[in-house]
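Subject: Handover of a structure

Dear colleague,

I am handing over to you the structure shown below, together with an account of what was found in it. Please keep the view open while you read, and locate each residue as it is named.

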Amino acid sequence: MPPTNNDRSLVIVANRLPVQRVRRGTTSTWQTSLGGLVAALHPLLRKHGGSWVGWPGGEGGSSRAFRHDGMDIKPVTLSASQIEGFYEGFSNGTLWPLYHDVLRTPRFRRSWWRSYVEVNQKFADAIEPLVGPGSMVWIHDYHLQLVPKMLRQRRADLRIGFFLHIPFPAPELFARMPWRTEVLKGLLASDVIGFQTRAVAQNFLRASRRLTRATGSGCTLRLDDHTIRVQPFPIAIDIEEFETLANAESAGERTRSLRAKFGPKRKLVLGVDRLDYTKGIDVRLRAIEEVLRRGEFSARDMCFVQIAVPSRENVDDYASLRREVEQAVGRINGEYAEPGQVAVHYLHRRLSREDLVAYYMAADVMMVTPLRDGMNLIAKEYAASRIDGTGVLLLSEFAGAANELRQAVLVNPFDIDGMAKAVQTALTMPPAEQRRRMRSLRNAVHSYDLYDWAARFLGALRGDQDA
Ligand code: G6P
């Protein structure tokens with residue numbers, strides 16, 4: 001159920017707005033975006049009022065506030081050089097690789113940092129006129145870590161919450177960043193700082209004590225007379241949405257049609273990710289190649305389908321990953337495809353929710369094998385969509401979701417042989433064991449949903465001790 005927000009007004013701040021501009025012929029309109037965060041917070045804003053501050057995407061545009069679908073929307077527009085310096089540069093060329101355990105080399109460019117400071121200030125400037133006395137401001141993710149302090153300096157009365165959707169690295173890695181103290185102090189002006197798991201919350205607590213004057217034990221820090229609650233709030237999905245989609249008659253038809261297209265007798269192994277180097281798409285392909293090389297399974301028995309959603313295409317590391325993945329798909333098919341039976345299907349596109357659920361329902365095995373991931377909601381979505389109680393989830397130990405989904409087949413994505421073995425185990429798992437494991441995965445996913453997650457965070461922000 002959507003949560004309640006009691007009396008305080010709420011401002012949500014995230015790099016992305018919850019709406020997108022869509023073109024229809026010669027005109028364009030705003031459309032509410034799909035996706036977890038919007039699903040959780042939209043009902044809340046619609047019911048209690050409140051604003052959402054964010055970047056509408058693209059360069060320039062109007063920064064005039066407007067109302068859409070029951071929400072007050074305040075766009076923060078970016079210039080071409082801010083997109084390059086703040087978004088592609090510092091957010092996705094410095095922080096993203098650094099926070100994901102340096103899977104790619106973070107670049108510490110001073111001009112990107114200056115752009116990050118400038119855009120964070122732009123966000124703080126946009127928020128301030130929207131907040132009444134004592135309002136709650138909930139800031140999301142790594143793009144906006146300086147905003148809590150920028151707001152606090154002007155408005156001591158606000159309740160400021162920050163939630164990091166991605167991991168926070170070990171202090172030894174975080175300490176490499178030249179602007180580490182500024183970032184920590186930016187965050188420590190919040191009242192509540194939420195993380196996906198206890199382990200990354202611990203990383204943050206250790207970094208704060210080591211690199212600033214913050215003191216404290218457990219999940220409370222103190223810095224200059226200000227108290228900060230630091231706590232895990234693992235994010236969840238809208239279970240009802242996935243179950244409704246899975247139970248729809250059309251879902252059954254779509255699933256049957258997919259199975260018929262891929263070959264009803266072949267086992268279907270699926271991967272669904274943003275095309276991002278943290279997701280382990282390349283190592284997953286190597287594991288599939290290894291399974292085929294060993295010869296117990298051929299393209300007549302199984303096929304692997306990778307849905308890769310285009311992402312951050314102007315960032316070099318993403319462009320080179322795309323080339324690597326596409327080469328690997330070509331190489332594997334060249335070696336192992338049979339006439340009329342492709343070994344690896346690669347779809348470089350975004351799917352509708354309905355199609356996505358049909359793929360989940362059609363997949364005998366789901367591979368969620370990130371090298372590092374804050375949570376990974378695809379794993380939870382797969383379990384929620386398996387209303388027939390079967391299917392096998394292969395899940396990386398390095399995804400936050402592995403803390404909760406203990407009955408998945410847990411894998412180390414850095415170990416290709418281990419992954420290949422796990423794929424073989426999954427392909428031959430007896431239905432009774434599939435059911436036993438899937439029951440436990442579905443129970444875990446059912447234990448709380450996205451609305452409970454938002455309610456818990458906002459409860460903590462209001463000061464409830466038991467949230
Ligand atoms: C991750 C981040 C989000 C981000 C999303 C899509 O999930 O945690 O903050 O919005 O990726 O990436 P993009 O760069 O397209 O916003």
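**Salt bridges between distant parts of the chain**

Asp-355 is partly exposed, with a relative accessible area of 28%. Please bear in mind from the start that this is a predicted model. Asp-355 forms a salt bridge with Arg-254, and the closest N and O atoms of the two are 2.7 Å apart. This pair joins distant parts of the chain: Asp-355 belongs to helix α12 (residues 353-362) and Arg-254 to helix α9 (residues 249-262), with their positions 101 residues apart in sequence. Arg-254 is likewise partly exposed, its relative accessible area being 30%. As general background, side chains of opposite charge can pair when their charged atoms come close.

How many salt bridges does a search of the whole structure find? The search finds 31, and two further pairs may serve as examples.

In one of them, Glu-289 is bridged to Arg-331, with 2.9 Å between the closest N and O atoms. Glu-289 lies in helix α10 (residues 281-294) and Arg-331 in helix α11 (residues 316-336), so this salt bridge ties together parts that are 42 residues apart in sequence. Is Glu-289 buried or exposed? Its relative accessible area is 19%, and buried means under 20%, so Glu-289 counts as buried. Arg-331, at 42% relative accessibility, is partly exposed.

In the other example, the side chains of Lys-380 and Glu-404 meet at 3.1 Å, N to O. Lys-380 is in helix α13 (residues 377-385), whereas Glu-404 is in the loop between β16 (392-396) and β17 (409-411); the pair thus links distant parts of the chain, 24 residues apart. Lys-380 is buried at 4% relative accessibility, while Glu-404 is partly exposed at 21%.

Salt bridges may also join into a network, as they do for Glu-290, Arg-293, Arg-294 and Asp-417. Arg-293 is located in helix α10. Its relative accessible area of 53% is over 50%, and therefore Arg-293 counts as exposed. The side chain of Arg-293 also makes a polar contact, at 2.9 Å, with the side chain of Glu-290. For a sense of distance, the C-alpha atoms of Arg-293 and Tyr-346 are separated by 19 Å, and the two residues are 53 apart along the chain.

**The surroundings of the ligand**

Which residues are found around the ligand? They are Arg-16, Tyr-87, Asp-141, His-143, His-165, Ile-166, Arg-274 and Arg-312. Sorted by class, this shell holds four charged, two polar and two nonpolar residues.

Three of these residues place polar side-chain atoms by oxygen atoms of the ligand. For Asp-141 the distance is 2.5 Å. For Arg-16 the distance is 2.9 Å. For Arg-312, an N or O atom of the side chain is 2.9 Å from a ligand oxygen. The ligand taken alone exposes 370 Å², of which the protein buries 70%.

**Two residues and their contacts**

Gln-82 is placed in helix α2 (residues 80-99). It counts as buried, at 7% relative accessibility. Apart from neighbours within four places in sequence, its contacts are Thr-77, Tyr-87, Ser-115, Glu-118, Val-119 and Lys-122. With Lys-122 there is a polar contact between the two side chains, at 3.2 Å.

Arg-104 sits in the loop between α2 and α3 (110-127). With neighbours within four places in sequence left aside, Arg-104 is in contact with Pro-97, Tyr-277, Asp-317 and Leu-321. From Arg-104 to Arg-16 there are 88 residues in sequence and 24 Å in space, C-alpha to C-alpha.

**Two residues with positive phi**

Asp-224 is not a glycine, yet it has a positive phi of about 45°. It is found in the loop between β10 (220-223) and β11 (226-232), and at 54% relative accessibility it is exposed.

Asn-376, also not a glycine, has a positive phi of about 85°. It lies in the loop between β15 (365-368) and α13, and it is buried, with a relative accessible area of 6%.

With kind regards

Methods
Residues are numbered from 1 along each chain as its sequence is written. This is a predicted model: local features need pLDDT of at least 70, side-chain atom pairs count only at pLDDT 80 or more; totals for chains, interfaces and linings use all residues. Side-chain values use heavy atoms; hydrogens and water are left out. A residue is near a molecule or strand if one of its heavy atoms lies within 4 Å of it. A polar contact is a pair of N or O atoms within 3.5 Å; within protein, one must be able to donate a hydrogen and the other to accept it, and residues adjacent in sequence count only if both atoms are side-chain atoms. Accessible areas come from the Shrake-Rupley method with a 1.4 Å probe; for residues, only the protein chains shown count as cover. Ala, Val, Leu, Ile, Met, Phe, Trp, Tyr, Cys and Pro count as nonpolar, Asp, Glu, Lys and Arg as charged, and the others, Gly among them, as polar. Helices (H or I, at least four residues) and strands (E, at least two) are DSSP runs, numbered from the N terminus. Buried means under 20% relative accessible area, exposed over 50%, partly exposed in between (1.4 Å probe, protein chains only). Contact means heavy atoms within 4.5 Å. A salt bridge is a side-chain nitrogen of Lys or Arg within 4 Å of a carboxyl oxygen of Asp or Glu.
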